[in-house]
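Notebook open, structure loaded. I'll jot down what I look up as I go.

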Amino acid sequence: MGRKDSVWSLGEGQPPEDLDKPIDTPPLSTLLIEKPQSGTVALGGDITFVAKVEAKDLLRKPTIKWFKGKWMDLASKTGKHLQLKETFDRFTKIHTFEMHIIKAKENYAGNYRCEVTYKDKFDSCSFDLEVKGLPKCSKIILAFIYSEGQEDAGELDFSGLLKHREPKQQDDTPEVDVWEILKNARPDEYEKIAFMYGITDLRGLLRRMKKIPKEEKKSEAFAKKLEPAYQVDKGGKIRLVVDLADPTVDLKWYKNGQEIRPTPKYIFEHKGTQRIMVINNCTMNDDAAYSVAAGDEKCTTELFVKELPVKIVKGIEPVKTTVNERIELECEVSEEGAQNGVEVPTGVRSRYRVKCEGTKHFLVIDDASREDSGTYSIMATGGTSEAHVQVDCKSDLQNMTVMLGQPIKMHCEIYPGNVPGRWYRNGQLIQPNDHINIIHRNKVHRLEIETSSLHDAGDYTFVPEGYSQSLSAKIHIIDALFSADPPRVHLDSLNFPDNTVIIVAGNKLRLEIPISGEPAPRVVWMKGERSGHRVRAETYGDQTSLTIDITEREDSGNYKIVLQNEAGEATASVKIKVVDIPDPPDAPLVPVVGGDWCSMTWEAPKYDGGSPILGYFIERKKKQSSRWMRLNFDLIKETSFEPKKMIEGVPYEVRVFAVNAIGVSKPSDPSKAFIPLAVTSEPTMLVVDDVTDTTVTVKWRPPETIGAAGLDGYLVEYCIEGTDDWVVSNKELTEKTKYTITGLTPGSKILVRVKAINAAGASAPRTLQHSILVKEVVEPPKIRVPRHLKQTYTRRVGEAVNLVVPFLGKPRPKVTWLKEGKPIEPSHVSIRNTDCDSIIFIRKAERSHSGKYEMTVQVENHVDTAIIDIQIVDLPEPPQCVTIEDVWGGNVALVWTPPKDNGNAPITGYTIQKADKKTMEWYTCIEHYHRTCITITELVVGNEYFFRIFSENMCGLSETATQTKKSALIVKEGMQVKTPEYSDHDFKEAPKFTQPLINTFAIAGYNTTLNCSVRANPRPKVIWMKNKITILDDPRYRMFSNQGVCTLEIRKPSPYDGGLYTCKAINDLGEAQVDCKLEVKVQTQEL
């Protein structure tokens, strides 16, 4: 069903207003000192609700609103049944607001709400009204209310649009803790719970529940969830945004539990950690519950789509007609699809019909009567329109010219029948006598004169009783003794060539033609042997005129003027030619499309507007845009055009305007969307890669220019030298830049060419300059040893060895490998050979793989060899023996022997370490030492030392070290050292800020920093907070801490980044914090 937003009525009516305005909810405050109480009223009775506000602290009168249900504002419904009053007591300083309901109806029952607002203060109260009486009636949205001027005429009961509520019934179910139910329920279930448990003041209950402190559970998936609800106008766009704590988590959107897929209507965007869903062109179907799931967590929201009010664009116009005629009232509303509601009642008013065509609504009365006179109005949710309809009786009296002595008979019909009336001549009442006979039968009134006289000439009028309209006719008496002048039409005075009048459509035409004749002739205008229905003809004095208020194409044609009197008859013809702008051409065709151009053609318009076509204008636009761009400023005579300078890969549409001497036509329908695409440039660097007895291999490089259409692949063709018969070698496109042509005849010569293919077609071919002889050529083998393999190739034990040795030779050479003159065992070393290289692979190298590998490549009698030296190294063993040669003073002399196994690599040095016998903590004395003896100096007297030595090669230090078996005691005779005992100083300290934060002003768009310094031991944990909320993983903030100086950098702040910032330092001994305020100012541009 469509929207039921339009209402017709007859008489004075009250239009319904926009009932869907959003209600602003200011902060909570108490203003009402007396609130309206729920009440009960009998059907047809009166009831008053009173609200009082104390004004001692108020500087002006507060604003009060009365609502029925959720959104219906009652301020626009005041009238006969609803009155709103306001009073103020100067002594008590109390505002009193009253709502009077008069002659209550059954559908007035329901929930009402009173809201009071003053600046930032707000208070509200809900109450119920119960109406006892008859059962509820069906609601009729479309109603015609007829009136004849009574006191209650034109009443449109607003309550018919209110939502009916059933009377409350007693419920014996046990009491339930609604607080606990609401706390554990989702927001989209609040209204259902309120309806289930009979809660009337749900808003007040929710406001109280908001004041209860909640322990918000921190979400692991969402840094910021969806808002509880969103609202958008119908046809608008809405963005639903969530901020993820983990950007890598999978995200899914749902609508009413159904997963949403990306479409042009639903667009998904990623912006940092934000995930955004955009809903375009919102309709009532988008009014639903939405949820987003991130891993195991989910957050929900509701989207409310607000329907805009339907406005009356073109109102109804007054109508003046006669009985038995057809009346059609027309209006136009702002939105197509508004419906009329239910059908009107049948019976005596069945002649009323309502119809709808798009945005136009019609009220039709087929057979009008006097009772249909009155004021008609149409009402929509966004306005109303009125017009007066007057229905008069139909006139049947006609002017007459009678010869002297002839009878005169005049008659008319008055509907309905049996309506008396009076006849007048020149304003004087006519009484029946022997000369004049007056007859009244049913609806027919007659006046008859058997023998006319000159005194009978004049203006006759019939006035029906009870009607404001009178019927008039003129009687002209001609005496035969006097001569008569035949009628004539004087077209010569018009000075129109060929009696043709040319006028532009839409203008007013008034054509005045002189006439003559005695007696005054009767003038009849005719078009196509029929009287014109859209023209107005008038005759007065010595001329007749033809008037067309707004000329149209249908008014063109030959108009015939017929003059008649007793002396004769005269005729004349006038041709009227209405010229107009031409019809728009048909949608143009785009047969050919290039890279930045296209070719378009169209047909001339079927109707040229009565004036030759002078040329055409062309316009173009991108398909997703609404802005058309004119392509030519000089008219194009032909019906073809080539638009240029288009962007490749972008869809376009074109349209055409036809131009004649009157103006420019409406635009044609847009052409079908087309995309300018260009073929690629030709492939580059086409060369022969290999030739055998039956195959030829070619390779090439991609085209230099590819374009928006991309590259789908390549097509390889060849032909025998001396012919032009090109054969496609690959049936399917190849994406590689190398291809082998097979099935060739040995000894033949061929030419090869390659084309690049994309959606726009094939590029220009790239052809080999010379023909190719299909015959394999013997090429001696040659090994191309890589530079890094010409020296000893070294790897550690356990690493992988993967060597590629390329070679040349044709036909395919035979490759063999030897190690130290013996064949290589496949279980230890893997070898794979191809047409152009050989690969030796060792998955996990061992020292036994070291040695010289000999590679041999043979083609028939031609041989080439290469030797590759592979060395697998490992960590060395420690030195064999370490001894203390001598100890004197603070010096010790050490001697050792080299390791037995050097790891298959030369020893590059030794590392010597010492350790006190008491602690046995080892300290390095010297590294990378090359000799096998050393003297360790500066030893502490009184200590006893052990020594150990690591050997080192290119792989590193040995895994173990060789330690001296004996220790070396450093002594000095006759001297004892007494070591004093010291107690360590306790440097631990709780955090303390030595430099606090300073209030700062920042400029929007420029980075700013907040700095402070803290002292603590052990090192404290520093936490930054904004408005008491910890800042975590926000890309707009960067935090630094260096030597106790804490810095917070805010990148390009906006006014929303202003607030209270806190730096908190925490360690095991305590915590401390400092605060500052940051204000972000927007830089204004001076004029």
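Is Trp1024 buried or exposed? I checked, bearing in mind that this is a predicted model. Trp1024 comes out buried, because its relative accessible area is 2%, and the cut-off for buried is under 20%.

**Entry: around Trp1024.** I looked up where this residue sits: it belongs to strand 79, which spans residues 1021-1026. Next I pulled its contacts, leaving out residues up to four places away in sequence. Trp1024 touches three cysteines, Cys1012, Cys1046 and Cys1063. I also noted Leu997, Leu1010, Leu1048, Ile1029, Ile1031 and Met1039, plus Thr1030, Thr1047 and Thr1062. Then I took a distance to Tyr1061: 37 residues away from Trp1024 along the sequence, but 7.3 Å in space, C-alpha to C-alpha.

**Entry: a four-stranded sheet.** I moved on to an open sheet whose strands run in the order 35-37-40-39, with antiparallel pairing. Which strands stand at the edges? Strand 35 (485-489) and strand 39 (536-540) do; each has a single partner strand, so one side of each lacks a neighbour in the sheet. From one strand to the next, the twist averages 20 degrees. I then zoomed in on strand 37 (residues 509-518) and strand 40 (residues 543-548), an antiparallel pair joined by six bridges. For a landmark in that pair I wrote down Arg510, which stands opposite Thr547 in strand 40.

**Entry: helix 2.** I wanted to know which residues of helix 2 (residues 190-197) are buried, and found Tyr190, Ile193 and Ala194 among them. They lie on the same side of helix 2, because their arc around the axis is only 100 degrees. That made me recall the textbook rule: an α-helix has 3.6 residues a turn, so residues three or four places apart point the same way. On the face turned away from the buried side I found Lys192, Phe195 and Met196, which are exposed. After helix 2 comes Gly198, and I noted its positive phi, near 70 degrees.

**Entry: the whole chain.** Last, I zoomed out. I have three helices and 84 strands in the protein chain. Of its 1087 residues, 37% are buried. I looked at contacts with a separation of 6 or more, and 65% of them link residues 24 or more positions apart. For the surface I wrote down about 64800 Å² exposed by the protein chain, with carbon and sulfur atoms supplying 49% of it.

Note on methods:
Residues numbered from 1 in each chain as written. Predicted model: local features only at pLDDT ≥ 70, side-chain atom pairs only at ≥ 80, totals over all residues. Heavy atoms only, no water. Pairing = 2+ DSSP bridges. Helix = DSSP H or I, 4+ residues; strand = E, 2+ residues; numbered from the N terminus. Axes fitted to C-alpha atoms, helices over the stretch in contact; angles between N-to-C directions. Buried < 20%, exposed > 50% of the residue type's maximum accessible area, 1.4 Å probe, protein only. Contact = heavy atoms within 4.5 Å. Arc of directions from axis to C-beta. Areas by Shrake-Rupley, 256 points an atom, 1.4 Å probe, with all protein chains shown as cover.
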